[in-house]
Amino acid sequence: MTESNSAWPTAAETADILRFLHRFADLMSNGSNSDNLLRAARMLEAHVALLKQTNELLQVERSRGDSSAEIRQSLEARISAFEHEIVALKSTLAEQQSRNDTIVAEMERRQSEFLQRAEEAEAGLAVAQAASPAIAVGSIAVPLSILQVAKAQFESLAAAFEKSGNIVSQVMCEASASSLDRAMLDAAAASEGGEDRSQHAA
């Protein structure tokens, strides 16, 4: 069992004991008792020196231990702070990744919609290009050559009615020929207008 510091003799008590041993050895002056007293005095001095050195080393080690404890506490505090920071960074990274995934999904959805609209527009354009020109209700499409033949027939009839003196029939045939001529001119003008619009669009 290690004795407490309070049980150890003080420096003054140790000095008194050493003086007593030396004085008592001088009184005996010779013999084994004197030698034993001197040996005891030297051993006591050696033990006192060793005890002093041990106490000094103990103080140094205690100081080092206190310093190590402070360093350990500081390191533990820093490690705890780093761990909290890592957790916060992971949480922020997860949130950012979630936002990025949402943005990417939205962009992919919009891209799909745009592609679908483009395909629908291309299909509609193809259908419009393949469809024949619209004809108004109550009208028919007649080749221009047929109108030219009809106009020539009305003009020939008008000339025949003029020779026979049938003025009414002559006027009617001339009016019909004039109407056919006007219709052909209008069709030609409309055709030229459509070609001009196509060239401007190109």
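**Notebook: helix 3 and its chain**

I began on the outer side of helix 3: the face turned away from the buried side carries Gln-153, Lys-163 and Ser-164, which are exposed (over 50% relative accessible area; buried is under 20%, partly exposed in between; 1.4 Å probe, protein chains only). Helices here are DSSP runs of H or I with at least four residues, strands are E runs of at least two, and both are numbered from the N terminus.

A note to myself: this is a predicted model, where local features need pLDDT of at least 70, side-chain atom pairs count only at pLDDT 80 or more, and totals for chains, interfaces and linings use all residues. Residues are numbered from 1 along each chain as its sequence is written, and side-chain values use heavy atoms, with hydrogens and water left out.

Next I looked up the inner side, where Leu-147, Lys-151 and Ala-158 are buried. Down the axis of helix 3, the buried residues fall within an arc of 40° (taken from the directions from the axis to the C-beta atoms), so they line one face.

I then checked the length of helix 3, residues 144–164. Its 21 residues should span 30 Å at 1.5 Å a residue (1.5 Å times one less than the number of residues), and the end C-alpha atoms are 31 Å apart, which agrees. Gly-165 follows helix 3 and has a positive phi, near 85°.

Last, I turned to the protein chain, which has 4 helices and 0 strands. Of its 202 residues, 8% count as buried. Among contacts (heavy atoms within 4.5 Å) with a separation of 6 or more, 37% join residues 24 or more positions apart.
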